[in-house]
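Grab a pencil and work through these short exercises with the model in view. Try each task before you read its solution.

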Amino acid sequence: MLGGAGILLGVTAAPAQAAEVSFKTECIPPSASGLDPVEGTTKVDITAPATAKVGDEVEVVWKFTQAASKNPDLIDLPKDSVKPTGTLKASGAQTEDIAMEGPQENPAIPKGGDMVLSDMKGTIKLTTAGDVTLTPDAYTITAYSTDTKCTPQETVPAAATIKVTDDGGGSGDTTTSGGTATGGDTSGTTSGGSTTGDTTDGGTTTDGGTTSSGSTSGGSTSGGDDGQTDFEGKTVTTSFACTSPGPSKIDSSATINAKKNGGSYDLTVKTAEGVMDSPAPLPAGALKPSMVITVGGDDSGSVTVNGPANKDALNTGDPVSLSDMTGTYKPGADGKATLSPGDLTIVVTLSAGSDPITIPCKATKTGVSLELDVQKQAGGVSGATTSGSSSSSSSSSSSGGLAETGANDHGGLRALGFVAGTAILLGGAVFTFMPRRRLR
């Protein structure tokens with residue numbers, strides 16, 4: 001998510017400009033939906049600074065004034081269930097594709113109603129003097145894990161132009177949101193961290209999950225004995241194959257963060273925020289997640305992290321999220337250890353005193369979220385499985401991005417949203433989780 005990343009502008013940047021363009025668009029629903037492509041018109045406002053300097057990093061905003069398609073006459077889309085992502089093309093003095101992403105925020109959209117999408121934001125680092133034009137391109141609408149891809153069907157006119165001037169050698173006048181820049185050229189400035197000269201401390205990550213120049217491609221690295229205690233992992237895309245009564249497949253994302261505690265590491269695993277409705281009233285304590293974290297690299301084994309159950313009761317139609325999961329990793333070897341999301345389990349208890357239903361989901365796609373420089377500890381995890389302790393105090397909804405997801409920014413955990421056509425019998429009550437695939 002780029003909404004909180006801040007705006008990095010030279011102190012002399014001119015006020016923002018806004019312009020609307022419209023273009024014919026074809027939107028293709030996911031193949032499993034059985035819906036035909038939709039032809040429509042997209043109308044977009046692009047806001048960007050009128051002038052800036054070489055070295056400035058500026059924020060641009062994409063505002064939908066009209067999406068190309070409506071919500072089909074199938075289901076009502078609840079509040080905060082739709083997320084847009086897209087591409088804004090920069091051309092002229094500088095050619096670049098700017099990744100745009102909007103938050104999962106929308107009013108309730110009835111069947112057949114106009115699709116209301118949140119504003120998307122992105123940033124561009126200006127490298128060349130001259131006119132840089134900004135033109136909307138393809139975008140994707142994600143709802144309940146289904147992607148509807150919308151592509152221009154005609155040449156789209158430029159929506160905004162930034163006049164970039166040469167400031168004569170450096171971006172030392174830029175300001176950074178959330179951090180302090182010191183020393184010479186600050187072209188390596190990251191949002192949300194401190195920069196000294198062009199060097200960023202190893203392990204620091206920028207807002208939105210992008211690792212800085214000191215990070216490894218697999219996530220943050222502890223950096224040895226530099227005194228660092230908090231390590232942020234990168235958000236990785238995951239897929240799960242579940243057994244009944246779960247769905248056949250879940251596409252999701254997860255982020256593993258660590259805090260050094262002596263020779264061990266306290267882990268916190270965050271998953272994406274919920275993107276489904278509760279299919280029925282669920283009491284507090286109905287949903288409880290756990291996950292196996294796979295340890296690799298110079299170490300081996302696994303760690304189980306557990307999350308507390310939902311703190312508040314859920315009404316029918318309420319969005320469902322899984323809580324953050326916590327556990328402890330004690331290294332069993334010296335060197336670099338990698339941590340990756342693994343198998344997921346969700347335990348569902350729909351009424352007090354009823355037998356819990358376990359939904360096991362095997363990880364079929366994952367990646368390294370965090371890499372740590374570790375030292376072997378007595379009783380470490382190497383070659384074994386360690387169970388983490390549940391956190392009774394943590395009840396916050398999970399998060400983790402999208403950047404990437406993209407983002408990023410970007411999908412979400414849908415372990416319950418795709419339990420289609422499965423009936424769960426508890427105490428004589430039948431609960432059916434409705435499919436969410438027929439979305440345009």
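**Exercise 1.** Which residue in strand 21 does Phe240 stand opposite?

*Solution.* The model is predicted, so local features need pLDDT of at least 70, side-chain atom pairs count only at pLDDT 80 or more, and totals for chains, interfaces and linings use all residues. Residues are numbered from 1 along each chain as its sequence is written, and side-chain values use heavy atoms, with hydrogens and water left out. Now find strand 21 (residues 357–365; strands are DSSP runs of E, at least two residues, numbered from the N terminus). Opposite Phe240 you'll meet Ala363.

**Exercise 2.** Describe the pairing and cover of strand 14.

*Solution.* Start with strand 21: strand 14 pairs with it antiparallel over four bridges (a pair takes at least two DSSP bridges). Next, strand 15 (residues 250–261) is also antiparallel to strand 14, with five bridges; here Thr238 faces Ser252. Finally, five of the seven residues in strand 14 (residues 236–242) are buried (under 20% relative accessible area, 1.4 Å probe, protein chains only).

**Exercise 3.** Work out how the rings of Phe64 and Tyr139 pair.

*Solution.* Rings of Phe, Tyr and Trp (its six-membered ring) pair if their centres lie within 6.5 Å; planes under 30 degrees apart are stacked, over 60 edge-to-face, the rest tilted. Both Phe64 and Tyr139 are buried. Their ring centres are 5.0 Å apart and the planes sit at 65°, so this pair is edge-to-face. Phe64 is in strand 4 (residues 57–66) and Tyr139 in strand 8 (residues 130–143), so the pair ties together parts 75 residues apart in sequence.

Terms used:
Buried < 20%, exposed > 50% of the residue type's maximum accessible area, 1.4 Å probe, protein only.
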